[in-house]
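Here are my notes on the model you sent, set out as numbered points. Please read them with the structure open beside you.

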Amino acid sequence: YDGGRLESLIKFLEIYYNTNNINGIYEKVDETIRLATELDNNYILSRALRYRAWMYIKIGKYNLAKYELKKAAEIASNIIDNDQKNKSLMNISSTMASYYEAYTSDTDSMLSYANKAYHFASNIKSSNPDKRKYLSATATVIGHILLYKGNVKDAKKYILNAEENLINSPDKATLVKIYKALGIISMKEHQHELALDYFNKSVFLAKKYNQNDELKNIYPMVSKAYEALKDYQKALHQHNNYKKINDSLNFETKKVINKIKNLQNKDYRRFDSFDYSIFGVCLLLITLMIVPKKDIVEASKSEIMVTTEKENQKQNILSYTTIEQLNQLTDLATKNEQAFYTKFQEIYPHFIINITEKFPKLSTADIRLCAYLKMNFDTKQIAVFTNSTIRSVDAKKYRLRKKLNLTPEEELYAYVSKF
């Protein structure tokens, strides 16, 4: 009975992982780990630990994620069956690449672990019917990382190789990422109609396989392709699709965060350090790749100029950033809230760490508001960027002042700019 129950549990986790259901992972993973430990099933135990690590990455608990991945790798090394060992180590290495992408955006570490994953996939026996699928999946990850590093030529080779390995496979789920990558490459080659074709194929398959996290990634790319073709109405429609699915995914993520905040296991609590990073950052890094720097709109610069009373804060920002970086942030703020926040973290890597160290109870929404304040955007501008009312933004700023324990004499913008 227990053996059958364990097989059922790990199948549930696999489905939840493939459909980006972090709440499902949370509900089943502890029981799976407990039962796999009792039955001394290292293969399933390493897989379950890897799924839990993935869940921690998705909600920003990076120290916990790394700890789980280390345990998973140690257990996987003791698996007797070579194909099972290689498959488990392949998946753990791929998740390590995701960890570095989400936590530090360290492309060298990402590529190193992606290559390890491909190596483990290559070691799987040729007689294994899933080997080509694994080679395709791992090659796709390498291709995406090479794209992010700007190596389009080599990225294209890996992506086309990945597509070739899936020609006769009934499982087309990996094609979602492959078509997405080919769309990015086509955008870089200024073949916008071809890019749109690839992106639409990717959207179709993402819906078919319930890959909502991928849809969140692809919709901004489709919007950008329509914008390049000067079809602004469809571009706006795709951007609205992105906002809807992003709100839905963030809601589910926050539910799991609230549950995990109550973790009582001391073995894990000592490794826990919550990072207020944007959720799904690994997807947005790819989105940002297809936005050329030369597309920065001059008109937006004049609209987002700081007011005279904030000149000191402006000079403070300019002393740590370049004009080009400020222009990029300004441009992103007018177009895409998520992309702005991701770029903000890249340019001000210590801002979130510093402010959350002093005020650990700040919510993700509070941190996002602080990012806009750090940039000296006024209430009206923030309302436009976040699709909110001026009254709503004023209320958020009032609540933030209370959380920061500011006196009536202290100026909010000046205070936030210090971090």
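1. How many of the 11 residues of helix α20 (residues 364–374) are buried? The model is a predicted one, and in it 10 of those 11 residues are buried, so helix α20 is largely enclosed by the rest of the structure. The buried residues of α20 are Thr364, Asp366, Ile367, Arg368, Leu369, Cys370, Ala371, Tyr372, Leu373 and Lys374, a list that includes the charged residues Asp366, Arg368 and Lys374. After α20 comes Asn376, for which the phi angle is positive, near 65 degrees.

2. Two residues of α20 deserve a look at their ring contacts. The charged end of Arg368 is placed over the ring of Tyr341, at 4.8 Å from the centre of that ring. Tyr372 forms an aromatic pair with Phe340, and this pair is stacked, with 4.7 Å from centre to centre and 10 degrees between the planes. Because Phe340 belongs to helix α18 (residues 337–347) and Tyr372 to helix α20, the pair ties together parts that are 32 residues apart in sequence. Both Phe340 and Tyr372 are buried, and the two belong to one aromatic cluster that also takes in Phe344, Tyr348, Phe351, Phe377 and Phe385.

3. Phe340 can also be placed relative to helix α17 (residues 323–335), which contains Gln328. The C-alpha atoms of Gln328 and Phe340 are 8.5 Å apart in space, with the two positions 12 residues apart in sequence numbering. Gln328 counts as buried, because its relative accessibility is 14% and the cut-off for that class is under 20%.

4. For the chain as a whole, the secondary structure comes to 23 helices and 0 strands. Of its 419 residues, 52% are buried, while the accessible surface comes to about 20,300 Å², with 50% of that area belonging to carbon and sulfur atoms. Among contacts between residues at least 6 apart in sequence, 65% join residues that are at least 24 apart.

5. The largest nonpolar core has 83 residues, and the members that touch the most other members are Leu13, Ile25, Tyr99 and Phe199. Helix α3 (residues 42–58) gives the most to this core, with 11 residues. A second, separate core holds 35 residues, among them Leu332, Ile382, Leu404 and Leu406.

6. Tyr99 can be followed further, since its relative accessibility of 4% makes it buried. Leaving aside neighbours within four places in sequence, Tyr99 is in contact with Ile57, Tyr62, Ala65, Lys66, Leu69 and Thr104. The structure holds 21 aromatic pairs; in one of them the rings of Tyr99 and Tyr100 have their centres 5.0 Å apart and their planes at 75 degrees, so this pair is edge-to-face. Tyr100 is buried as well, with a relative accessible area of 15%.

7. Thr95 belongs to helix α5 (residues 82–103) and is buried, with a relative accessible area of 3%. Its side chain makes a polar contact of 2.9 Å with the side chain of Arg50. Beyond the neighbours within four places in sequence, Thr95 is in contact with Arg50, Trp54, Ile57 and Leu69, and of these Ile57 and Leu69 are also listed among the contacts of Tyr99.

8. A last point concerns a lysine placed against a ring: Lys201 lies over the face of Tyr179, at 5.4 Å from the ring centre.

How values were computed. Residues numbered from 1 in each chain as written. Predicted model: local features only at pLDDT ≥ 70, side-chain atom pairs only at ≥ 80, totals over all residues. Heavy atoms only, no water. Core = buried A, V, L, I, M, F, W, Y, C linked by side-chain atoms within 4.5 Å. Buried < 20%, exposed > 50% of the residue type's maximum accessible area, 1.4 Å probe, protein only. Helix = DSSP H or I, 4+ residues; strand = E, 2+ residues; numbered from the N terminus. Contact = heavy atoms within 4.5 Å. Polar contact = N/O pair within 3.5 Å; in protein donor to acceptor, adjacent residues only side chain to side chain. Areas by Shrake-Rupley, 256 points an atom, 1.4 Å probe, with all protein chains shown as cover. Phe/Tyr/Trp six-rings, centres within 6.5 Å; stacked < 30°, edge-to-face > 60°. Lys NZ or Arg CZ within 6 Å of the ring centre and 35° of its normal.
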